[in-house]
Amino acid sequence: MEIFAGKSVFGGIAIGRISIYSKNEQQVKRIKVTDVEGEISRYHKAKDMAIEQLSKLYDKAVKEVGEASAEIFEAHQMMLEDGDYIDSVENIIRTQEVNAEYAVAMTGDNFSEMFANMDDEYFRGRAADVKDISERVVKILMGTESGKIESDEPVIIVADDLAPSETVQLDKDLILSFVTVHGSANSHTAILAKTMSIPAIIGVNIPLDPSMDGRMAIVDGFEGKIYVDPSEEVLAAKKKLFAEEQDKKQLLEQLRGKENITLDGQRINLYANIGNSKDLALVLKNDANGIGLFRSEFIYLGSDHYPTESEQFAIYKHVAETMAGKKVIIRTLDIGADKQADYFELPHEENPALGLRAIRICLTRPEIFKTQLRSILRASAFGKISIMYPMIISVDEVREIKAIMAEVKEELEAEGVAYDKNIEEGIMIETPAAVMMADELAKEVDFFSIGTNDLTQYTLAIDRQNQSLEKFYDPHHPAILKMLKMVVDSAHKYGKWAGICGELGADTELTKDFLAMGFDELSVSPGRILPIRKIVLETNVAEYKKEKGLQ
């Protein structure tokens, strides 16, 4: 038995086999071949396999996000069968007598460059598609299917770290737990683990070599350890702990359907944070009052092109209809910093957390912003949708957003397109500037939702992704708690509601404090809804304030 320790980011017990997640870093080499026809045959077999994969992805995507969003996989199949593309690969193999991997990679580069240099916007958009299909075929030829879970049963994912663009493509049904060598408690791997309510450990010095792959292991998210090839004694003890956890969950299930009202009659909404429409099952299962944060940027991260209006509309409409009249707050795209999509072609920045991100991209690239606003507004005719803008620092920004929104509404009116004319618009409070301007901002918007992850980062001047600084990263810092109270007071002063959608909202050590501050809403990972509801139902806020000297 081997034991590896790290830092827990979500508690729980997971028992299963390890699956090593490795990025494909192999370079395509130019190799001289003698059997040219055999190499061409290899290429066609790999191409057919790629088409079969894309067909399965299309069927899966249709069920999960709708036909419009699945069309990209159908388009990729057609591109692989394009005569010019096939002729180019075969010609390179024959004339240069080289391996199929090199011929496919060269064809991908050549066609991608050709499309990128075209005047027509549609064809320029195909450049990334050609690269994508070429990489898929090359991976099949090389036998290196990066980022795929090679198992029919759920596994423990062990990785160096996972970028947001990688987590969005994993099959969530096949994941028992996350264990990473690097990363931080505020990384997107950690956030995904919390959304899925599965144990996760970071900072684990575990080897990522093939010898680990497939070995039986136990992840204890409470103590922050992974046991590889556990002894019978450890396995029995952890199975007992797992059963106890299941019993606790069953007790929490009795809270389903109950209103979130304290002993002295104070109400609070408990909403859920989601990254995509697949998380809806968890939202409904955990009895959330609504969705307080739909991270729309994951639609962009899961795509190799700017999502079209129809693609986004289909997703937002599906979420709104599924929630059946419950509130769905969609955050406009929060790309940038640690969430990068290559096709945005964002400039290199020395400090991306303070750079071109979120609303700054939207206001400097209004065509992208308008597309998203149109799709959200159209979907608002099918449910109770609200819009939330991230990374706001000034009243001027809010007024600029309003002007763009007015243009979009005017366009929809002219086209006779239905939408909720009274759609609620709010902002995220994530910067100290927004906190200090909360009084003025409250006059401009319908609600505040505090993003505590970034607010803590910017207030404490600590990079929340930097593992070596976690000792200094204190989300309970008195300055943060004072800021939270300032924000909720400013909102209520002007008759607006205030909530928290950052990770701090799920911190049960602070639930009573949030109630005492007067927050109207907490939006958390779906699995945290019922544990927080339990605290709400057992709390007398007036007595707690008296006990803490807050009255």
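On a 1 Å grid over the protein atoms alone, a cavity is a set of points where a 1.4 Å probe fits but cannot get out, and its lining residues have an atom within 4 Å of a point. Grid points are joined across faces, edges and corners, and a volume is the space filled by probe spheres set on the points.

The model is predicted: local features need pLDDT of at least 70, side-chain atom pairs count only at pLDDT 80 or more, and totals for linings use all residues. Residues are numbered from 1 along each chain, and side-chain values use heavy atoms, without hydrogens or water.

Select first Arg295, Arg331, Glu430, Asn453 and Arg464, which lie nearest the centre of the largest cavity, among 17 lining residues. Its volume is about 160 Å³, and the whole structure holds 2 cavities of 30 Å³ or more. Helix 7 (188–196), strand 10 (291–295) and helix 17 (452–460) each supply at least two lining residues; helices (H or I, at least four residues) and strands (E, at least two) are DSSP runs numbered from the N terminus. The lining comprises 4 nonpolar, 4 polar and 9 charged residues, with Asp, Glu, Lys and Arg counted as charged and Gly as polar.

Next, display helix 11 (residues 309–322) with helix 13 (residues 366–379): their axes lie 8 Å apart at an angle of about 35°. The axes are lines fitted to C-alpha atoms over the stretch in contact, with angles running from 0 to 180 degrees between N-to-C directions. Contact here means heavy atoms within 4.5 Å; the residues involved include Phe313 and Tyr316 in helix 11 and Ile376 in helix 13.

Finally, go to Gly549, which follows helix 21 and has a positive phi near 70°.

How values were computed
On a 1 Å grid over the protein atoms alone, a cavity is a set of points where a 1.4 Å probe fits but cannot get out, and a pocket is an open set with protein on both sides within 12 Å along at least five of seven lines; lining residues have an atom within 4 Å of a point.
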